[in-house]
Amino acid sequence: MRSIPANPLTRMSVNYQLILLFLLMVSPVFMLQWYGNMKAEQILKRNVTNAYLELNKQNWNLLNRDMESINRITMTIIQNPLTQQMLPDDTDTVVTRVGKYEALDKLLKSYSIGGDDGGAVAFSLYVNDPNDDYSFAPKVRQASQAGVFFVSDRNQPVWFREALQKQGKGELKIIDHFDPSSDQGTLSYVRAVNNISHGNGVVGVLVVTKLERMIENDFRSVHLPDGEIYLTDGSDRILASTTKGAGSKLPLPPDAKDMTTMEGILDTVHSDYIYVVNYSYLLQQKLVYRIPIHSLLQQQSELKRVIQFISIVYSVLAFVVMMYFWRSLMNPMQKLVHVIRSYVPGKPVRKTAARRRNDELGVLISSVYDMADRLNHLVNDKYQHEIKQKEAQLQILYQQINPHLLYNTLESIYWKSTLEGKGESAEMIKELSKLMKIGLSRGRELITIGEEMEHAAAYISLQQRRYEHTFRVEWKILEDVRALLIPKITLQPLIENAIIHGVKNMGEDGEIVISAERQNDDKVIVRVEDNGFREADLNAIRRTLLEEQPDPSLGYGIRNIHQRVRLHFGAAYGLDYTRNQPHGTVATITLPKREAVSAEQ
């Protein structure tokens, strides 16, 4: 029997199948609308762009005429003998320099061009005066005042140095904070003034400011429907425009950035705008028209509106049909999939109304929720069992260490009383009472490092009486860690090991250092260091700390500490042993930074 080929749609989820059906229903309509819009844009570009190209050419010629006029004036000023004589000369007297300055200042102010709105194009010459030969002249520009100013090597502006690098070539650019009375930049024509007589000398830099008003007047002669006009440099930085944004970069489409020839004009339709760009590679300038298409599409034919109406009606009908199936079938299924994917064993599952359905989907949803409830009960039972098991382990560990501590303390009192009589027995009993008081800690399992210090200090006092103060103890506990938490009776076993296995027989050379400090703002490092000559077996100690059933002959004190720290704070914390330099042993306890107040909360 010939097998029936499988339906490829069955490999997709029902969700994707419905989406595919919806796309098949509406795609022909959208393709028709896309074709109509494409034709409309082609007609728009063919009928309108040619007119803008011609208008852009006229506007470009008008700007070039005005800039050529500015360029001729700058050439006249540069070639003027008054300008060429401004270089400092050692033979000139102060009176001679004042005369040169006043004559050239008057000349520059006479070239100012008045505008219809009261503005003026200002001509200013900034003379390089490294030796301060013109100390009587102003160094700072006042408002829009034209004239002669002087700069030295120490206070040369950035635009001044850039103009000198151009070697006499003029450049149209925006100078920020050029006018002290305004925070905005000004459009300026900057050109270095070379010394004609010497050939290699530089007189200074000629600056023509307030050009934005002249260019804005040229822009007003052109009317674009909701369009914008920009004059930019070669890097698309806006020099002047009919809108705000001078000094910022104009975003242009890639087709409008291409300057493959020395000069030319191009047009492109990108996104929602028509761009007409006239450029000059030699001048590094662009005149950009940006016209929004929506202002022109309002005049298009009735065909586009009819296509849009049909598309909307058809899409709404298809959407209504799809929403019916979506709400009836897909919405409950998506919620069920979300619950299954986000479900965490032990996390309560929110009830849903879909469980009351009587169809096959309702049976499936009810079965999944019932299974999740049963699994949650099992997880909770296991969690409670683990908590009780850990609590029992902690109690066993505490019951092991308390008799051990009491035994060692009583032995110390016994030896002291035997060797010296009963003179200091009362003091030792006092220290013992302090040990037991802090050791009990009112039933608390975690105490502050400060309280643990008192507990350890009482134990050390007893041991020093026993060994006649033959070893030294140094405390390096910072104040910012005293309020942090530590499992109780943690330092005493480590100090006991340092005494017995380290400094016990060293006399006054024996030393124990106890320190605590923060690390990386989230951990606390507590160390007990000794300088004992006896070399510890670090591998045996680590086996005792890590193995499930360690050798009982190695003792259980340090393993008790390690297990209690890990049970309280997790596997990332605990006890470790390393060698001290030049000799001795270092016991290091790593704890999380936990304060007593936050722990109680």
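I count a residue as buried when its relative accessible area is under 20%, as exposed when that area is over 50%, and as partly exposed in between. I keep in mind throughout that this is a predicted model.

**Entry 1: a salt bridge inside H3**

With that cut-off in hand I looked up Asp-105, which is buried because its relative accessible area is 11%. Its side chain meets that of Lys-109 in a salt bridge, with N to O at 3.2 Å. I placed both residues in helix H3, which spans residues 94–110, and found them four residues apart, about one turn of the helix. Lys-109 has a relative accessible area of 40%, and therefore I list Lys-109 as partly exposed.

**Entry 2: the chain as a whole**

I then stepped back to the chain, where I find 14 helices and 18 strands. Of its 601 residues, 41% count as buried. The accessible surface comes to about 35000 Å², and 54% of that surface belongs to carbon and sulfur atoms. When I took the contacts between residues at least 6 apart in sequence, 61% of them turned out to join residues at least 24 apart. For salt bridges, the count comes to 13.

**Entry 3: helix H4 and its cover**

Which residues of helix H4 are buried? In this helix, residues 158–165, I noted Trp-159, Phe-160 and Ala-163. Looking down the axis of H4, I see these buried residues fall within an arc of 105°, so they line one face of the helix. I next asked what covers them, and the cover includes strand S2 (120–128), strand S3 (147–151), strand S4 (171–175), strand S5 (186–194) and strand S6 (202–209). Just after H4, I noted that Gln-167 takes a positive phi of about 60°.

One of the strands in that cover, S3, holds Phe-150. Phe-150 is buried, with a relative accessible area of 0%. I also checked its separation from Asp-132: the two residues are 18 apart in sequence, and their C-alpha atoms are 8.3 Å apart in space.

H4 also takes part in a salt bridge, in which Lys-173 pairs with Glu-162 and the closest N and O atoms are 2.4 Å apart. This pair links distant parts of the chain, since Lys-173 sits in strand S4 and Glu-162 in helix H4, 11 residues apart. Lys-173 counts as buried because its relative accessibility is 12%, whereas Glu-162, with a relative accessible area of 32%, is partly exposed.

**Entry 4: helices H5 and H12**

For helix H5, residues 211–220, I recorded Leu-211, Glu-212, Met-214, Ile-215, Asp-218 and Phe-219 as the buried residues. Seen down the axis of H5, they fall within an arc of 160°, so I read them as lining one face of the helix.

I made the corresponding list for helix H12, residues 538–546, where Leu-538, Ala-540, Ile-541, Thr-544 and Leu-545 are buried. Around the axis they cover an arc of only 160°, which puts them on the same side of H12. Asn-539 and Leu-546 are exposed on the other side of H12. What do the buried residues of H12 pack against? I found helix H13 (557–569) and strand S17 (574–579) there.

**Entry 5: helix H7 and the annotated segments**

I turned to the record, where the unreviewed UniProt entry carries the annotation "transmembrane region" for residues 16–36 and 306–326. Over residues 306–326 the chain in the model is 100% helix and 0% strand, with the end C-alpha atoms 30 Å apart.

On the surface I noted a nonpolar patch of about 480 Å², made by Val-306, Phe-309, Ile-310, Val-313 and Leu-317. Of these I looked up Phe-309, which is found in helix H7, residues 302–342. Phe-309 is exposed, because its relative accessible area is 57%.

**Entry 6: a salt bridge inside H8**

Last, I looked up Glu-386, which forms a salt bridge with Lys-382 at 2.4 Å between the closest N and O atoms. Both residues lie in helix H8, residues 360–420, four residues apart, about one turn of the helix. Glu-386 has a relative accessibility of 35%, so I enter Glu-386 as partly exposed.

Notes:
Residues are numbered from 1 along each chain as its sequence is written. This is a predicted model: local features need pLDDT of at least 70, side-chain atom pairs count only at pLDDT 80 or more; totals for chains, interfaces and linings use all residues. Side-chain values use heavy atoms; hydrogens and water are left out. Patches are made of residues with over 30% relative accessible area and no salt bridge: like charges are joined within 9 Å, nonpolar side chains (Val, Leu, Ile, Met, Phe, Trp, Tyr) within 5 Å. Accessible areas come from the Shrake-Rupley method with a 1.4 Å probe; for residues, only the protein chains shown count as cover. A salt bridge is a side-chain nitrogen of Lys or Arg within 4 Å of a carboxyl oxygen of Asp or Glu. Helices (H or I, at least four residues) and strands (E, at least two) are DSSP runs, numbered from the N terminus. Buried means under 20% relative accessible area, exposed over 50%, partly exposed in between (1.4 Å probe, protein chains only). The arc is that of the directions from the helix axis to the C-beta atoms. Contact means heavy atoms within 4.5 Å. UniProt positions are given in the numbering used here, feature names are shortened, and annotations may be inferred rather than shown by experiment.
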